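Thank you for making time for this. I would like to take you through a few features of one model, beginning with a pocket, moving on to a helix, and ending with a cavity.

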Amino acid sequence: MSVMTHTQETPVARIAALIHGQSLRLPSLQPVLSNWPTLLSPHYAELKKKVGMKIDEWISDERVRRKAQIIDLPLFSSIWYPHATLDRLEMITWYSMWIFLWDDVIEDSATLASGITDKVSWIHHQALKYMEYHLGLSSSLEEPVPPTKYCTLFRYAAEPFRKASSLLQRIRFYEELKVYMDGCEVEQEFVRAGELPSWREYWSHRLGTSSVHTYSALGEYMSGGNIPPEMFDTPELKELWVGINRHIVTVNDLISFKKEVDKSSFHSLVPIVMNETGANLDTVVDSLVDTLRNIGDSMNRAGDRLIALAENSHGAQGRQNMEQYVLCFQTSATGNYWWS
């Protein structure tokens, strides 16, 4: 007697088959960003020189050093934060360097067998202890062991931030770093299992793994003005934070879609929306571009309300500080598009 077996097609396999052989028509996203400024910091050349010298000094591994040079993070910093001072641009560049090199660790761990999940969790936990110490939030008098070689780069960002920021600002940043680490663990589970998350599941961890909220927590420092603490409890500011996060993730997922498919990676919005809606590739791309327009409109409304609130409660200086803070979100959006 023969036994017939049936292999159930997975969502990933089904979407891969649908996408195979199709052409991706990605419209220009410039019209979506036209109401926000695209600028380059006047400090870019000096920042690139300073960071380049320190890359040679601090990064000994040739492969890592070459990657650090190619991705041009001084440009990233200079178009995300074109109004920031040189010292703060240097700080955010080293934080970004840590993020990009840490992502290599995350991607490598995602390919590991599920049996070493505890080891991956330990790496994340140890990294948080290391960051907590260098942000001046730890009760420990002894520096924790960095879990990876280049985790030590974090201290070059943490030191100037710690000196210039309040305890509340450092706690806010650290809390977002924890969200980032937690999200990375969830994402790894999907990648290791070869599963496609639902739209809701994707956003529940992608808002963390994008690391955009950590940059939002640094926005006050980068804009150079103090934001009244009570503003961080307003729905308008929360809308601005979630808006810029969704905006950057959506742009990145659209731009990097072909590259991710070439790597057989479907952990991004286009295949997830195709799977949930049954729509074709062009329809999904068009819907995501429309989503970007809606996000931008929502961010503009939230920003205007925040500026009015700051002026009402803290006068002209409050308005000026909030305008600079909101501007950071706008230049982050345009800077992300052009740098990506």
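The second largest pocket, with which I begin, has a volume of about 230 Å³, and I should say at once that the model is a predicted one. Thirteen residues would be too many to read aloud, so let me just note that the lining of this pocket consists of 13 residues, and that I19, Q22, K258, V261 and D262 are those that lie nearest its centre. At least two lining residues come from each of α1, which spans 11–19, and α13, which spans 257–262, and it is α13 that gives the most, with four residues. Sorted by class, the lining of this second largest pocket holds seven nonpolar, four polar and two charged residues.

Now to helix α14, residues 269–277, where L269, V270, P271, I272, V273 and M274 are buried. What do the buried residues of α14 pack against? Their partners are α1, α10 (199–209), α12 (235–255), α13 and α15 (281–339), and in that list you will recognise α1 and α13, which also supply residues to the pocket lining I have just described. Just after α14 comes G278, which takes a positive phi of about 75°.

Of these partners I would like to look at α10 in detail. Two packed helices are described by the angle between their axes and the distance between the axes. For α10 and α14 the packing angle is about 155°, and the axes are 9 Å apart, which makes α10 roughly antiparallel to α14. On the α10 side the contact involves W199, Y202 and W203, and these meet L269, I272, V273 and E276 in α14; by class, that contact has six nonpolar residues, no polar ones and one charged.

Finally, how many cavities of 30 Å³ or more does the count give? The count comes to one, and the space in this largest cavity is about 70 Å³. Its lining is made up of W80, Y81, V212, Y215, S216, G219, I244, I248, C328, F329 and S332. Each of α11 (212–223), α12 and α15 supplies at least two of the lining residues, with α11 giving the most, namely four. By class, the lining of the largest cavity has eight nonpolar and three polar residues, and no charged ones. Two of the helices that contribute here, α12 and α15, are also among those against which the buried residues of α14 pack.

Key:
Residues are numbered from 1 along each chain as its sequence is written. This is a predicted model: local features need pLDDT of at least 70, side-chain atom pairs count only at pLDDT 80 or more; totals for chains, interfaces and linings use all residues. Side-chain values use heavy atoms; hydrogens and water are left out. On a 1 Å grid over the protein atoms alone, a cavity is a set of points where a 1.4 Å probe fits but cannot get out, and a pocket is an open set with protein on both sides within 12 Å along at least five of seven lines; lining residues have an atom within 4 Å of a point. Grid points are joined across faces, edges and corners, and a volume is the space filled by probe spheres set on the points. Ala, Val, Leu, Ile, Met, Phe, Trp, Tyr, Cys and Pro count as nonpolar, Asp, Glu, Lys and Arg as charged, and the others, Gly among them, as polar. Buried means under 20% relative accessible area, exposed over 50%, partly exposed in between (1.4 Å probe, protein chains only). Contact means heavy atoms within 4.5 Å. Axes are lines fitted to C-alpha atoms, for helices over the stretch in contact, and angles run from 0 to 180 degrees between N-to-C directions. Angles under 35 degrees count as roughly parallel, over 145 as roughly antiparallel, 65 to 115 as roughly perpendicular and the rest as oblique.
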